[in-house]
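Trainee: I have not seen this structure before. Please walk me through it.

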Amino acid sequence: MEQFAAIDVGGTKIALGIGTADGKVIERRTMHTDPGWSPDEVLDRIADTLQDLMAAAGVEAHGIKRIGLGTPGPLDGPVLLGTSNLHAWQGLNWKTGLESRMNIAVSVENDATAAGVGEWKYGAGRGTPDCIYVTVSTGVGAGIVAAGRWYSGARGNAGEFGHIVMEPGGPVCAAGHRGCLEQLASGTAIRREGQDRQRDSAFLGSLSDVDTKDVFDGYDRNDPVCEEIIGQAADRLALGLSYLINLFNPERIILGGGVGTNAPESYFQRIRGRMKQLALPAMADVVTLERAELGADSGLIGALALAVAESEPSSD
C-alpha cells in the first residue's frame, strides 16, 4: 500500500503523520513551534522528526510517495513570507528545503486550502467536485475546490475569506483594515463582544472571565445578550457565505474550525436560512451547508489529502 507523509504547521505546534491513500493516519508525532528558530533550524527539526516517524512506522524514505504540507501564510508559492507570530521564519522555502533533506517530492498549500482538500477527499465534501471549506476559529479562512481541483491563486494565498471588508469603519484587524469578516464573525470576535458586554448579561456577568465557549453556553441558555452576539456573528458570516455562493456556485459549503465544529445546530440553521436569502436563487437552491467531519485532524489529514491528490494521475 502506498504511503504518504503529512505536515500541518501551526503557530504553536507542528503535527506530522504517515498515512495511506484512503486518508488513514497510521503514525503521528507532534513537535512544538519555536518562533525563534531560523528557517534552517525549522527544516532540520522537521526532517529529523519525520525520519523518526518513518522509522516508527517501519517505512523507508523510498516508501513515501510524497509529502503534503499545510502552512500559515502569507506565501509566495512555497516560500513563507512574514507572519504575525513567526517573524524569524520569513523566507523559509518549504518545498526546496524539505525536498533537499528528504529526497521526497513536497506539495505545499496554505493551511485552509489543505484542510479544504482534506474535507473534499475524506470528509463532508466527498462526492462533489465543487465545494468550499470555511474555517471559523480564532480567524476565518476558506479552501476552495472548483471543478474537482483546489484553487490556490497566483501565489498560494487564495481563500483569505476572513479579510473581506464587511463593515468599513469596524474593528481593526491584524492587517490594518477595518471591519473584516474575521473581526465580526470569528471565535475571537465572539469572545471580544462577550467580554465587552459581560456586565449586560446575567449569565456572562456571573463569570470571572469570558471566552467564546462561554458566549455559546449563554446562547444555549437563552441569555438575551449571548443570543444577540451569536445571532449577529451568524448573520455576518451568512452574508459572507452568500458572496462565496454567488462567486463560485458550489454544491456544498463546509463549516469547520473550533466554532464551526462545535457550534450548536441552531447556529447552523440560522446561517443556512440567511445565506440562502441573500444569495441568488439559482445558486442558493443547489448549495447545502454542512458541518466539517475531520475535526481536530483537519490540518493533518488535509496535508495527507494534498500529498495523495498531487500523486494521482491528472484528468487533463
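**A surface patch, a sheet and a core**

Mentor: This is a predicted model. Start on the surface, where Tyr243, Leu247 and Phe248 form a nonpolar patch. Together these residues have about 300 Å² of accessible area.

Trainee: Is Tyr243 buried, partly exposed or exposed?

Mentor: Tyr243 is found in helix α7, residues 224–248. Its relative accessible area is 34%. Buried means under 20% and exposed means over 50%, so Tyr243 is partly exposed.

Trainee: Now the sheet. What is the order of its strands?

Mentor: The sheet is open and has five strands. Its pairing is mixed. The order is β10-β9-β8-β11-β12.

Trainee: Which strands stand at the edges?

Mentor: Look for strands with a single partner strand. One side of each is then left without a neighbour in the sheet. The edge strands are β10 and β12 (288–291).

Trainee: By how much does the sheet twist from one strand to the next?

Mentor: Take the average going from one strand to the next. The twist is 25 degrees.

Trainee: In β9, what is the bridge partner of Ile132?

Mentor: Six bridges join strand β8 (residues 131–136) to β9, and the two run antiparallel. A hairpin of three residues joins β8 to β9. The partner of Ile132 in β9 is Ile144.

Trainee: And which residue of β11 stands opposite Tyr133?

Mentor: Here β8 meets strand β11 (residues 252–256) through five bridges. This pair runs parallel. Opposite Tyr133 stands Ile254.

Trainee: Which residue in the turn between β9 and β10 has a positive phi?

Mentor: Three bridges join β9 to strand β10 (residues 149–151), running antiparallel. One pairing is Val145 with Trp150. The hairpin has two residues between its strands. The phi is about 55 degrees, and the residue is Ala147.

Trainee: How many of the seven residues of β9 are buried?

Mentor: Strand β9 spans residues 140–146. The strand is mostly covered. The count of buried residues is six.

Trainee: Which element gives the largest share of the largest nonpolar core?

Mentor: In soluble globular proteins, nonpolar side chains tend to be buried together. Here the largest nonpolar core has 42 residues, and Val134, Phe161 and Leu237 are among those with the most contacts inside it. Elements giving two or more residues include β8, β9, β11 and α9 (265–278). The largest share is 11 residues, and it comes from α7.

How values were computed:
Residues numbered from 1 in each chain as written. Predicted model: local features only at pLDDT ≥ 70, side-chain atom pairs only at ≥ 80, totals over all residues. Heavy atoms only, no water. Patch = residues over 30% accessible without salt bridge, like charges linked within 9 Å, V, L, I, M, F, W, Y side chains within 5 Å. Areas by Shrake-Rupley, 256 points an atom, 1.4 Å probe, with all protein chains shown as cover. Salt bridge = Lys/Arg side-chain N within 4 Å of Asp/Glu carboxyl O. Helix = DSSP H or I, 4+ residues; strand = E, 2+ residues; numbered from the N terminus. Buried < 20%, exposed > 50% of the residue type's maximum accessible area, 1.4 Å probe, protein only. Pairing = 2+ DSSP bridges. Axes fitted to C-alpha atoms, helices over the stretch in contact; angles between N-to-C directions. Core = buried A, V, L, I, M, F, W, Y, C linked by side-chain atoms within 4.5 Å.
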